[in-house]
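Let's take a walk through a protein model together. Keep the picture open as you read, and look up each spot as it comes along.

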Amino acid sequence: MVADLIVHNIGTLWTPKPNARPAFGSEMSDIREYTNAFIAVKDGKILALGESDYSPYVGPSTHMHDAQRRLVTPGLVDSHTHVVHYGSREHEFDKRLRGVPYLKILEEGGGILSTVRSTKEASYEDLFDQSKQGLERLMLHGVTTVEGKSGYGLDEENELKQLRVQKALNYAHPLDIVGTYLGAHALPKAYEDDRTAFLEQVVSTMDVVKKEALAEFVDVFCEKGVFTVEESEYILKEAKDRGFLLKIHADEMEPLGGTEMAARLGAVSADHLMAVTESGIDALASQGTIATVLPSTAFNLGSDYAPARKMVDAGVALAVSTDYNPGSSPSENFLFALSLAAIHMKLSPKEVLTAATLNGAHSLNRGSERGVLDEGYAADFIIYEADNFPYVLYHFAINHVNDVFKDGRMVVRDKQSIWEAKP
Ligand code: NIG
Ligand code: FE
């Protein structure tokens, strides 16, 4: 069969092996390496790849792209972000630098609640434009699939506004966006004396989210001073009953038992985990719940990094993400997050690649289509301005991504975004 596109002269191609489930523990080091390789693409999918002769796939209309002996990996999957939001929070920077804790700022009505105010006030167009800029920056850093959460509305109207903007962006922008409804991200001050009423409101909005297909996942911020394990369990059970897949923000500051609870409910992932306990790690390993670690957040908040090395050694499947948001992780530089995962979490470059591709894709229920390069998978891949992946992590805080292909279409060329709106 003739290819639409052949990328040839690839110096090194690194990809996890295709796997119907996430890679657990030591499996995360199973990376296929091809040298002097090609990728042939047909209809947005991979027709063939490898080190063999690609001439059988060349026809008169085949577009040839010379990778100039550079490194190629699958497009990165950023499986935990809050990309749709309005404004920024540098006005709280001084306070944080003086040592006021993240949760204290929230308790005083700032933090997440400050972004809730600006997101509520923003017009649909302004919210769309700022969020689109976030997607662009993620894509320039090699991200081809991204998760996006609500949680800056905290009432039905504004949670839906956020998710509708996100759905529109999914059509308008080349990145695939997987939606998560995070209606229980913080408790609005008005509900302090009636937490139950707030939870009821969060649950009733789920029906609209489902009806409009605005999200596939439901998430909750289970944390001391935010939502208790019991409240989080209530939200997640209601979500499960409605056919949503589950995620949780757990053990970010205090180990409350949210990880164990979510694993028991069959959550696809538990995220943050800086304070995860032995029993939490056991629960993740035995239930097969993916641990999503967010090293940029630990870097930015100056907190301890999640014990990722320990979790991988215990047989847990790990994903790494940016957690891109205006408060705890204001950066779309996924490669920087991946360098932190290597440097501070002591993950090997092979483990880091699996965490940012195959396991990220599984944590978004996309593992059978994306996250690896193999025949039949989506042609989402990156050409780096580098010839090996360890170098990309080692030479930190620099964007080594040169070109990005999404569903076989070049969307970034020579570090510039070149896509046009989908027809
Ligand atoms: O994943 N921890 C809770 N939620 C986000 C932060 C959101 C914000 O600060 O605006 C997180 O870190
Ligand atoms: Fe988050």
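## Ground rules

Helices (H or I, at least four residues) and strands (E, at least two) are DSSP runs, numbered from the N terminus. You'll need that to follow addresses such as Tyr57's, in the loop between β3 (45-50) and β4 (63-66).

This is a predicted model, where local features need pLDDT of at least 70, side-chain atom pairs count only at pLDDT 80 or more, and totals for chains, interfaces and linings use all residues. Residues are numbered from 1 along each chain as its sequence is written, chains are lettered from A and ligands numbered from 1 in the order in which they are written, and side-chain values use heavy atoms, with hydrogens and water left out.

## The iron ion

Start with ligand 2, an iron ion. Its protein donors are His80 (NE2), His82 (NE2), His249 (NE2) and Asp323 (OD), at 2.0 to 2.5 Å from the ion. Donors here are N, O and S atoms within 2.8 Å of the metal (3.2 Å for Na, K and Ca); water is not among the atoms, so sites may look incomplete.

How are the donor residues spaced in sequence? The pattern is H-x1-H-x166-H-x73-D. His80 and Asp323 link distant parts of the chain, being 243 residues apart. His80 sits in the loop between β6 (76-78) and α1 (93-97), while Asp323 is in the loop between β13 (318-320) and α12 (334-343). Both are buried, where buried means under 20% relative accessible area, exposed over 50%, and partly exposed in between (1.4 Å probe, protein chains only).

## Ligand 1

Now look at ligand 1, which has 15 residues around it; a residue counts if one of its heavy atoms lies within 4 Å of the molecule. The closest are Arg89, Tyr102, Tyr152, Glu252 and Ser328.

Some polar contacts show up here too, meaning pairs of N or O atoms within 3.5 Å (within protein, one must be able to donate a hydrogen and the other to accept it, and residues adjacent in sequence count only if both atoms are side-chain atoms). Glu252 has a polar side-chain atom 2.7 Å from a nitrogen atom of ligand 1. For His249, a polar side-chain atom lies 3.0 Å from an oxygen atom of the ligand, and for His272 an N or O atom in the side chain is 2.8 Å from an oxygen atom of ligand 1. On its own, ligand 1 has 330 Å² of accessible area, and the protein covers 100% of that. Such areas come from the Shrake-Rupley method with a 1.4 Å probe; for residues, only the protein chains shown count as cover.

## Helix α7 and strand β9

Helix α7 (residues 229-241) is a nice one for checking a rule. The expected span of a helix is 1.5 Å times one less than its number of residues. With 13 residues, α7 should span 18 Å, and its end C-alpha atoms are 18 Å apart, so the two agree. Its buried residues are Val229, Glu231, Ser232, Glu233, Ile235, Leu236 and Ala239. Their cover includes β8 (176-184), α6 (195-211), β9 (217-220), β10 (245-250) and α8 (258-264).

Is Val220, in strand β9, buried or exposed? Val220 counts as buried because its relative accessibility is 0%. Leaving aside neighbours within four places in sequence, Val220 is in contact (heavy atoms within 4.5 Å) with residues including Ser232, Ile235, Leu236 and His249.

## Two spots in loops

Back to Tyr57: it counts as partly exposed because its relative accessibility is 21%. Its C-alpha atom is 8.7 Å from that of Leu47, ten residues away along the chain. Not counting residues up to four places away in sequence, Tyr57 touches Met1, Val2 and Ala3, among others.

His141 lies in the loop between α4 (124-140) and β7 (143-149). With a relative accessible area of 14%, His141 is buried. A polar atom of its side chain lies 2.8 Å from the backbone oxygen of Arg137.

## Positive phi

Most residues other than glycine have a negative phi. Asp43 has a positive phi of about 50° although it is not a glycine, and Asp414 has one of about 45°. Asp43 is in the loop between β2 (31-42) and β3, and counts as exposed at 61% relative accessibility. Asp414 is in the loop between β16 (409-413) and β17 (416-417).
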